[in-house]
Amino acid sequence: SEGEQRFRVIKVAPSPLPGDSRVCAYLLPASANGDGNVEAHGELAPVWTEPRHDMDVLLDSFPGGACVVAVDAEGRRLGLTIDSLVSLALEPPLIGFTVSSESTMLDLLPDAGGCAISILAGGQQWLADHFAEGARPIAMWHGLAAEPGAVGAPLFVGALGWLECSLLDTVELGSRTMFVCAVRRVETGAEAPALVRVRGAYENV
């Protein structure tokens with residue numbers, strides 16, 4: 001609206017102040033041009049968030065669907081349980097998910113060029129727990145019921161459904177990194193309750 005000051009977030013990082021546990025979002029002042037697009041200008045302006053603990057507690061009460069992301073980079077396999085999968089667009093079909101910025105997934109997924117995502121059903125908590133750490137030796141893949149996907153990564157049997165994706169972009173977001181992927185193939189499984197994570201525990205919904 002007229003007279004409204006607009007900003008764009010360009011960086012999220014820990015506070016630069018000693019002993020301050022808060023997170024700082026850096027903004028650029030923005031103005032709208034004749035095309036309706038936003039152009040950023042000026043210096044970085046810090047905007048302080050509420051304490052991270054409060055945000056963690058609040059968002060932990062919001063259920064997230066449990067999934068296992070699997071990659072295979074020329075025989076180097078990794079499986080990682082996530083609860084951050086989101087649909088970004090239907091046309092074209094895009095999804096996103098975040099992982100720790102220290103995860104081995106940051107190295108392997110770009111090398112593999114894509115991933116397979118198994119959306120877990122209720123009763124598959126054991127599979128979510130199995131890949132919760134995200135770093136498993138090759139022997140840990142033995143005995144798991146899975147089928148090879150088109151991108152080489154396994155699709156776990158019994159899931160609600162599967163997405164096979166190509167990596168489009170990575171976005172650094174402070175302590176997390178988001179992968180933006182194009183969905184190349186979708187397959188649905190049998191109807192069943194979903195496995196979700198809420199308040200630090202898994203539930204069937």
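The following questions and answers concern the cores, surface patch and salt bridges of a predicted model.

Visitor: Which residues touch the most other members of the largest nonpolar core?
Guide: The largest nonpolar core holds 20 residues. Strands S6 (67-73), S7 (76-82), S9 (93-100), S10 (114-119), S13 (161-173) and S14 (176-188), together with helix H2 (105-112), each supply at least two residues of this core. The members that touch the most others are Ile 95, Phe 97, Met 105, Cys 115, Ile 117 and Cys 165.

Visitor: Which element gives the largest share of this core?
Guide: Several strands and helix H2 each supply at least two residues of the largest nonpolar core. The largest share amounts to 4 residues, and the element that provides it is S6.

Visitor: Which residues does Ile 117 touch, not counting those up to four places away in sequence?
Guide: Ile 117 is among the core members with the most contacts to other members. Its partners beyond four places in sequence include Leu 85, Gly 161, Trp 162 and Leu 163. The remaining ones are Cys 67, Val 68, Val 69, Ile 95, Phe 97 and Cys 165.

Visitor: How many residues are in the second, separate core?
Guide: Apart from the largest core, there is a second, separate one. Among its members are Ala 128, Trp 141, Leu 144 and Leu 195, and its residue count is 17.

Visitor: Is Leu 59 buried or exposed?
Guide: Leu 59 is found in helix H1 (residues 52-60). Together with Met 55 and Leu 58, Leu 59 makes a nonpolar surface patch of about 330 Å². Exposed means over 50% relative accessible area. Because its relative accessibility is 52%, Leu 59 counts as exposed.

Visitor: How many salt bridges are there by this rule?
Guide: Side chains of opposite charge can pair when their charged atoms come close. The rule asks for a side-chain nitrogen of Lys or Arg within 4 Å of a carboxyl oxygen of Asp or Glu. One pair that meets in such a bridge is Asp 72 and Arg 77, at 3.1 Å from N to O. By this rule the count is 4.

Visitor: Is Asp 72 buried or exposed?
Guide: Asp 72 meets Arg 77 in a salt bridge. Arg 77 has a relative accessible area of 30% and is therefore partly exposed. For Asp 72 the relative accessibility is 18%, so Asp 72 counts as buried.

Visitor: How many residues apart in sequence are the parts that Arg 76 and Asp 111 tie together?
Guide: The side chains of Arg 76 and Asp 111 meet in a salt bridge of 3.0 Å, N to O. Because Arg 76 lies in strand S7 and Asp 111 in helix H2, the pair ties together parts whose separation in sequence is 35 residues.

Visitor: Which strands hold Arg 185 and Glu 164?
Guide: Arg 185 forms a salt bridge with Glu 164, with the closest N and O atoms 2.6 Å apart. Glu 164, Arg 185 and Glu 187 are linked in a network of salt bridges. The pair of Arg 185 and Glu 164 ties together parts 21 residues apart in sequence, because Arg 185 lies in strand S14 and Glu 164 in strand S13.

Visitor: Is Glu 164 buried or exposed?
Guide: Leaving aside neighbours within four places in sequence, Glu 164 is in contact with residues including Cys 115, Ala 116, Gly 149, Leu 155 and Val 183. Its salt-bridge partner Arg 185 counts as partly exposed at 35% relative accessibility. Buried means under 20% relative accessible area. At 2% relative accessibility, Glu 164 therefore counts as buried.

Terms used
Residues are numbered from 1 along each chain as its sequence is written. This is a predicted model: local features need pLDDT of at least 70, side-chain atom pairs count only at pLDDT 80 or more; totals for chains, interfaces and linings use all residues. Side-chain values use heavy atoms; hydrogens and water are left out. A nonpolar core is a set of buried Ala, Val, Leu, Ile, Met, Phe, Trp, Tyr and Cys residues joined through side-chain atoms within 4.5 Å. Buried means under 20% relative accessible area, exposed over 50%, partly exposed in between (1.4 Å probe, protein chains only). Contact means heavy atoms within 4.5 Å. Patches are made of residues with over 30% relative accessible area and no salt bridge: like charges are joined within 9 Å, nonpolar side chains (Val, Leu, Ile, Met, Phe, Trp, Tyr) within 5 Å. Accessible areas come from the Shrake-Rupley method with a 1.4 Å probe; for residues, only the protein chains shown count as cover.
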